[in-house]
Structures are given as structure tokens and as C-alpha cells.
Amino acid sequence: MSRIGKKPIEIPQGVEVKIEGQTVTAKGPNGTEVVEVRPEIAVKVEDNQIILSKANDSREADALFGLFRTLVANAVHGVKDGFEKKLEILGVGYRANMEGKNLNLALGYSHPVVVEPPEGITITVEANTKISVKGSNKQTVGDVAAFIRSKRPPEVYKGKGVRYEGEHIRRKAGKAGKK
């Protein structure tokens with residue numbers, strides 16, 4: 001039995017949760033998130049809490065119990081506070097700036113890299129080297145941040161590239177040189 005799945009999800013002030021069949025809809029100040037819960041999991045609202053339980057004692061229900069509790073909790077948290085991933089750019093001449101809604105990156109290529117954010121995601125740039133990706137859907141925020149990082153991942157010799165804030169890059173020594 002999942003320990004995470006057993007924990008009830010508190011519904012914060014300003015968030016409205018509606019359950020229709022196996023669809024959980026959370027509406028809050030940051031938008032609306034919808035989670036489709038599998039039929040192996042039962043969902044109900046009691047005393048300003050969302051409670052998930054297993055509909056049957058199958059292995060599939062055991063495997064999905066904690067997952068769907070986390071997905072519903074992320075939806076509730078996302079519409080209330082939102083999620084944010086921060087990236088930083090290291091390298092001579094590497095920089096970022098906003099052109100309207102789009103992110104324009106100069107990453108050492110012969111062309112600029114333009115990233116258009118999907119619906120519900122906002123990208124901001126501070127000091128030309130710090131990028132912030134914000135949104136109400138945790139998975140989409142992580143996907144967009146990973147997509148931006150994939151345009152020039154940090155390399156192991158000098159550490160140049162786009163990295164997550166606080167990410168540690170294991171560095172290599174490079175050539176030993178002549179003796």
C-alpha cells in the first residue's frame with residue numbers, strides 16, 4: 001500500500017475542485033488544471049480534502065495509487081501557487097532576451113535559437129543569463145525548461161551552456177599537455 005497515496009490533499013483557500021466521474025478539475029488564481037484518474041482509483045472530496053482510494057486490490061491499483069495522488073496534488077498546488085524552474089547560461093557571448101512572448105537565445109551557433117512557449121507557460125529573463133519558466137502544470141514547466149537546456153547542454157570541460165540553477169556539472173581535466 002502506498003504511503004503517499006493514503007495522505008489526503010488539502011484544498012487551499014481560493015481553489016475550487018470539481019469531480020465528475022474520473023475527471024478531477026482544479027480551478028484557481030493561476031488557471032485550470034484537469035487530471036483524468038484511471039478507474040482503478042476512486043476520488044472523493046470530504047471536509048475540504050481530496051481523498052483517493054483504491055477501487056480494487058489489483059497490482060495495477062497498487063502501482064497507480066501514489067502516482068495519481070501526486071498528480072492531483074500537483075494540479076491543486078499549480079493552480080494556487082504555480083511552478084517555476086530557473087535556468088542559467090554560462091559562456092562568453094551566450095545570452096538570452098525576450099522578443100514579445102518568444103525567448104531568443106544566442107548560444108554560440110551561427111543563428112539565434114528562438115523558443116516559443118506553449119499555452120499557459122510564461123518565460124522571463126533577468127540579467128541576460130538567468131531564465132525563469134513559470135506555469136501551473138508541473139510537467140509542462142519541466143518539459144519547457146528541459147527543451148531550453150537541450151539547445152546547448154553544459155559541456156564537461158569548461159561548463160559552458162544552459163544549466164538548471166544550482167545544477168552541479170562534473171568537470172573533466174582535459175589534455176595533460178607535453179612533458
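# A helix across a sheet, and what lies beyond

Me: At about what angle does helix α3 run to β7?
Reply: In this predicted model, helix α3 spans residues 138-150. It lies across β7, β11, β12 and β13. Its angle to β7 is about 5°.

Me: In what order do the 4 strands of the open sheet stand?
Reply: The sheet is open, and its pairing is antiparallel. In general, strands of a sheet pair through backbone hydrogen bonds, either parallel or antiparallel. The order here is β11-β12-β7-β13.

Me: Which strands stand at the edges of the sheet?
Reply: An edge strand has a single partner, so one of its sides is left without a neighbour in the sheet. Two strands fit that description. They are β11 (121-126) and β13 (161-164).

Me: What does the twist average from one strand to the next?
Reply: The strands in question are β11, β12, β7 and β13, in that order. From each strand to the next, the twist averages 25°.

Me: How many bridges join β7 to β13?
Reply: Strand β7 covers residues 83-90 and runs antiparallel to β13. Across this pair, L87 stands opposite Y164. The number of bridges joining the two strands is 4.

Me: Is L90 buried, partly exposed or exposed?
Reply: L90 is found in strand β7. Its relative accessible area is 32%. Buried means under 20% and exposed means over 50%, so a value in between has its own class. L90 is therefore partly exposed.

Me: Which residues does L90 touch, not counting those up to four places away in sequence?
Reply: S53 is 37 residues from L90 along the chain, and the C-alpha atoms of the two are separated by 47 Å. The contacts of L90 are with other residues. They are G159, K160, G161 and R163.

Me: Which element gives the most to the largest nonpolar core?
Reply: This core has 20 residues, and V37, I50 and L52 have the most contacts inside it. At least two residues come from each of β3 (23-28), β5 (41-46), β6 (49-54) and α2 (59-80). The top contribution is 8 residues, and it comes from α2.

Me: Which residues does V37 touch, not counting those up to four places away in sequence?
Reply: V37 is among the residues with the most contacts inside the largest core. Beyond its sequence neighbours, V37 touches Q22, V24, V43, F68 and V72.

Me: How many residues does the other core have?
Reply: This core lies apart from the largest one. Its members include L87, L105, I121 and A145. L87 also stands opposite Y164 in β13. The size of this core is 19 residues.

Me: How many salt bridges does the structure hold?
Reply: One of them joins K18 and E20, with the closest N and O atoms 3.9 Å apart. Another joins K44 and E46 at 3.6 Å, N to O. The count for the structure is 7.

Me: Is E40 buried, partly exposed or exposed?
Reply: E40 forms a salt bridge with R38, the closest N and O atoms being 3.3 Å apart. R38 is partly exposed at 39%. The relative accessibility of E40 is 15%, and the cut-off for buried is under 20%. So E40 counts as buried.

Me: Where is D47 found?
Reply: D47 has a positive phi of about 50° although it is not a glycine. Most residues other than glycine have a negative phi. D47 is exposed, with a relative accessible area of 73%. Its place is in the loop between β5 and β6.

Me: What is the phi of N48, about?
Reply: N48 is found in the loop between β5 and β6. It is partly exposed at 42%. N48 is not a glycine, yet its phi is positive, about 60°.

Me: Is the chain a compact globule or more spread out?
Reply: It has 3 helices and 13 strands. For 179 residues the globule rule gives 16 Å, but the radius of gyration is 21 Å, well over that. The C-alpha atoms fill a box of roughly 70 × 45 × 25 Å along the principal axes. The chain is therefore, next to a compact globule, more spread out.

Me: What share of the residues in the chain is buried?
Reply: The chain has 179 residues. To count as buried, a residue needs a relative accessible area under 20%. The buried share is 36%.

Conventions
Residues numbered from 1 in each chain as written. Predicted model: local features only at pLDDT ≥ 70, side-chain atom pairs only at ≥ 80, totals over all residues. Heavy atoms only, no water. Salt bridge = Lys/Arg side-chain N within 4 Å of Asp/Glu carboxyl O. Buried < 20%, exposed > 50% of the residue type's maximum accessible area, 1.4 Å probe, protein only. Pairing = 2+ DSSP bridges. Axes fitted to C-alpha atoms, helices over the stretch in contact; angles between N-to-C directions. Contact = heavy atoms within 4.5 Å. Core = buried A, V, L, I, M, F, W, Y, C linked by side-chain atoms within 4.5 Å. Rg over C-alpha atoms; globule rule 2.2 N^0.38 Å.
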